[in-house]
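Trainee: I am new to this structure and would love a close look at a single part of it. Please pick one stretch and walk me through what surrounds it.

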Amino acid sequence: MIKSSMKLAMLAAVLTAPIILSPQQAALAAGGGGGGGGGAGGGELYGSSYSTPAPAYPQQKDRKTTHRVKKPVKQSSFEDPAFRDGYRAAYSTIYEHNDYAAAIEQLHALGNDDHPNVANLIGYSYRKLGDYKQSQVWYERALKADPNHVLTWNYYGLWQIEQGNRDAAQYHLSRIAAICGTDCEEYRSLAAALEKPPGTSLVY
């Protein structure tokens, strides 16, 4: 009876040993996971691998959205045949037919008033019609769209000369020089206009 009791006690000790060790094993496993960096690193990797697609999906959507946002710009740029043809027609109306009022309508019909080329030609047309206030608005709009739009600096410089603002026109000339140098047509034509006596009628 004593022997069987001892056997039972030993058996119980053997059976309970894993129970005693199991918290240590659990602690070891936890320590190896977190402290060793493998688990933590793995967690971060998983986190980043999950978080990577998360931003990636919006980024892809953003790309699509950006593409959609850029699409109208692309369509209303010179890459788009309809825009290009419409712009050329308005250009012809201005420079070949001198019908500035019709050209303004044609330019508005392009549906992209903030395109610097469009805004500049609208400003030019208003200037040729003698509406200097509206002309200035459109020149400013063109330069807001593209501060380095050299033709606008040229036309706006001519506007300044016609308004008697020769110092301002000189500033426009310096802006043109900074953008395209002193050999470009825009610089030379504005410089020539500035050399003429005040009050001289400009044909530009």
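Mentor: Happily, and one definition comes first: a residue is buried under 20% relative accessible area, exposed over 50% and partly exposed in between, using a 1.4 Å probe and protein chains only. What you see is a predicted model, in which local features need pLDDT of at least 70 and side-chain atom pairs count only at pLDDT 80 or more, while totals for chains, interfaces and linings use all residues. Residues are numbered from 1 along each chain as its sequence is written, and side-chain values use heavy atoms, with hydrogens and water left out.

Let's look at helix H8, which covers residues 150–162. Helices here are DSSP runs of H or I with at least four residues, strands are runs of E with at least two, and both are numbered from the N terminus. The expected span of a helix is 1.5 Å times one less than its number of residues. For the 13 residues of H8 that gives 18 Å, and the C-alpha atoms at its ends are 19 Å apart, which agrees. After H8 comes glycine 164, with a positive phi near 85°.

How many of the 13 residues of H8 are buried? The count is 11, so the helix is largely enclosed by the rest of the structure. Among the buried ones are Val150, Trp153, Tyr155, Trp159 and Ile161. The buried residues of H8 pack against H4, H6, H7, H9 and H10, where contact means heavy atoms within 4.5 Å.

Now take tryptophan 153, which is buried at a relative accessible area of 10%. Tryptophan 153 and tyrosine 171 form an edge-to-face aromatic pair, 6.0 Å from centre to centre with 80° between the planes. For such pairs, the ring centres of Phe, Tyr and Trp (its six-membered ring) lie within 6.5 Å; planes under 30 degrees apart are stacked, over 60 edge-to-face, and the rest tilted. This pair links distant parts of the chain, since tyrosine 171 is in helix H9 (residues 166–180), 18 residues from tryptophan 153. Tyrosine 171 counts as partly exposed, at 46% relative accessibility.

Another ring in H8 belongs to Tyr155, which is buried. Tyr155 is part of one aromatic cluster with Phe83, Tyr87, Tyr91, Tyr95, Tyr100 and Tyr124. Across the whole structure, a search finds 10 aromatic pairs. Within the cluster, the rings of tyrosine 87 and tyrosine 91 have centres 6.4 Å apart and planes at 40°, so this pair is tilted. These two tyrosines are four residues apart in helix H4 (residues 81–95), which puts about one helical turn between them. An α-helix has 3.6 residues a turn, so residues three or four places apart point the same way. Even so, tyrosine 87 counts as buried at 11% relative accessibility, whereas tyrosine 91 counts as partly exposed at 41%.

The end of H8 brings in charge. Side chains of opposite charge can pair when their charged atoms come close. A salt bridge is counted when a side-chain nitrogen of Lys or Arg is within 4 Å of a carboxyl oxygen of Asp or Glu, and the structure holds three of them. Which residue forms a salt bridge with glutamate 162? The partner is arginine 127, with the closest N and O atoms 3.0 Å apart. Arginine 127 sits in helix H6 and glutamate 162 in H8, so 35 residues separate the two and the pair links distant parts of the chain. Arginine 127 is buried, with a relative accessible area of 3%, while glutamate 162 counts as partly exposed at 30%.

Two of the helices that H8 packs against, H7 and H10, hold salt-bridge residues too. Arginine 141 in H7 (residues 132–145) pairs with aspartate 114, which lies in the loop between H5 and helix H6 (116–128), so parts 27 residues apart in sequence are tied together. The closest N and O atoms of that pair are 2.6 Å apart. In H10 (residues 185–195), glutamate 185 and arginine 188 are three residues apart, about one turn of the helix, and their side chains meet in a salt bridge at 3.3 Å, N to O.
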